[in-house]
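Please look over the sequence and the model shown here before reading on. The briefing is meant for someone meeting this structure for the first time.

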Amino acid sequence: MSDLLLTDVRVWGAGDAPRDVAVRGGRIAAIGSGLPADGAEVFDGTGCLIIPGLVDAHAHIDKTLWGTPWHPHQAGPTLIDKIENERRVLKTLGLSAEVQSARLLRHMVARGTTHVRTHVDIGPDIGLAHFHGIQAMRDSHRDWIDVEIVAFPQTGVMIKPGTLELLEQAVREGAEAIGGLDPVGVDRDPKGQLDGIFAIADRHGCGVDIHLHDRGDLGAVTIDMIVERTRALGLKGKVVISHAFCLGMVEPARLDGLVDDLLDQDIAIMTHAPSGPTPFPPVRLLHDRGVRLLSGSDGVRDTWGPLNTGDMLERAFLLAYRSGFRDDSSLEVALRMATYGGAQTMGVTDYGVTVGSAADLVMVEAETAAEAVAFHPMRRLVLKRGQVVARDGRSLLPVAA
Ligand SMILES: [Zn+2]
C-alpha cells in the first residue's frame, strides 16, 4: 500500500482554506498546509472537496439486474404485485447473487461508496442461496468495500412458514441484523412477525431493520409495537425502521409522540426519498429533533423500478429535492444521511475526515458540501483504507465475471 498526499483540497466541515491530507498505512496521518510528501504519491486536488466515503445503508444488491440487458418495468402497482413479479423474473433469468452484487458494487465504488448495508432476500423458495452468494462476494471484495448484511424476509414471515428459522440461521452464520417487512400489510399478523423477529435479535444480540411501507395509522401503530419490543428487550440503539412512510402522514401531535419514542429508544429512520407522490418522513424536522437518520439506494436497476442508480451523492440530492431543501445547512443534512448517519448505524468507529480515521475518502469536484449535493458531480478519487479504488468516475476493481 503506497502512501498518498492529497494537496490543495477543501475538507468538509473545516472551512474554505486549502489544505493537504496525508494518508499513511490506510489512515489519515495529518491534515494541514504545506505538508511534506516524504516519498508519498502526491495527488493535486485542485481545490476539490474531500468528504468521507459514502455509505449506502439500505441496498438490495443481491437481486440487481446490473450488467444484463435493459429490463422494461412490468410489475403491477401493489407491493405484492412487485414481490410476485420479482420472484418470477429472477427465477426466469437464473442470475447469481454473487455475480450480480459484484457487478453493482463495482459501479457503487466508482461513485464513492465505501460501505454498504444490504438487505438480502431469505425465504422458503430460495433458502439461504442469496445470503451465501453475498457472503462470498463480501469475502472477495473486502479490500474494496465494507458490506454488512441484513437477513431480509422479502416474501413475508408469518405467511411463509419456515422463514423465521431461515432468518435465524442467517444470523447464526453472520448476518449483522435481522429484517422485517410490513407486519400488517404483508403478514396481517404484526404481533406474530414482530415477536418472532425480536426474539431472534434478543437471542443473538443482532440489530433489527424493518421495512415499513404501511401508511397512516397502520404504520404508526406498527412503530408503537416496534418501540415496545425495543424497550422491553433492551435493544436501544440497535433498531432501524426503513421507509416509515407513515411519519410523513400522521397528525403533528401523533408525530410528536412517535418522535419522543424514537428518541427514547434511539431508533434510526432510513428514507431514500421515494419517487412519485409517496409520502416519506419529514427529514429536517426529525434531524432537528435529534433522530438518527440514514439513507440508501434501495433496489438499483431491478424489477422494482429503473430509476435508482446506486449513487449516494445523487441520493442526497434526491433527499434534498423531495424535502424542498434550499439552504446549505439542510443540504448538508442530506449529505450526513449518506455518510455519517449510515456509518453510525453500521457501527463504523474510525470514520470521518479526521486524523487517525480510516482513509475512506472521496474527492468531489465541488467547493462545498452543499454544492456537492446540489450537483453531485464527478468523483475524482475514491480511497478505501488508503487505497485508490476509483479515479475520475471509473472503478479500478477487477471486472466481475
Ligand atoms: Zn428496501
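The notes below take up a metal site, a cavity and one strand residue in turn.

This is a predicted model, and its zinc ion is coordinated by H58, H60, H211 and D298. The structure also holds one cavity of 30 Å³ or more.

**Zinc site**
- The zinc ion is held through the NE2 atoms of H58, H60 and H211 together with the OD of D298, at 2.1 to 2.3 Å.
- Along the chain, the donors of the zinc ion follow the spacing H-x1-H-x150-H-x86-D.
- The arrangement of the four donor atoms around the zinc ion is irregular because they subtend angles of 89 to 169 degrees, whereas a tetrahedral arrangement would need all angles to lie between 85 and 135 degrees.
- H58 counts as buried because its relative accessibility is 0%, and H60, at 6% relative accessibility, counts as buried as well.

**Cavity**
- The largest cavity has a volume of about 60 Å³, and the residues that line this cavity are L65, P69, W70, H71, R301, D302 and P306.
- By residue class, the lining of the largest cavity divides into four nonpolar, one polar and two charged residues.

**Residue V11**
- V11 lies in strand β1, which covers residues 4–11, and V11 counts as buried because its relative accessibility is 4%.
- Leaving aside residues up to four places away in sequence, V11 touches R19, V21, I31, L49, I50 and V353.
- V353 is 342 residues apart from V11 along the chain, yet the C-alpha atoms of V11 and V353 are separated by 7.3 Å.

Definitions and conventions. Residues numbered from 1 in each chain as written. Predicted model: local features only at pLDDT ≥ 70, side-chain atom pairs only at ≥ 80, totals over all residues. Heavy atoms only, no water. Helix = DSSP H or I, 4+ residues; strand = E, 2+ residues; numbered from the N terminus. Buried < 20%, exposed > 50% of the residue type's maximum accessible area, 1.4 Å probe, protein only. Contact = heavy atoms within 4.5 Å. 1 Å grid on protein atoms, 1.4 Å probe; cavity = no way out; pocket = protein on both sides within 12 Å on 5 of 7 lines; lining within 4 Å. Points joined across faces, edges and corners; volume = space filled by probe spheres on them. Nonpolar A, V, L, I, M, F, W, Y, C, P; charged D, E, K, R; others polar. Donors = N, O, S within 2.8 Å, 3.2 Å for Na, K, Ca; no water. Tetrahedral: all angles 85-135°; square planar, octahedral: opposite > 155°, others 65-115°.
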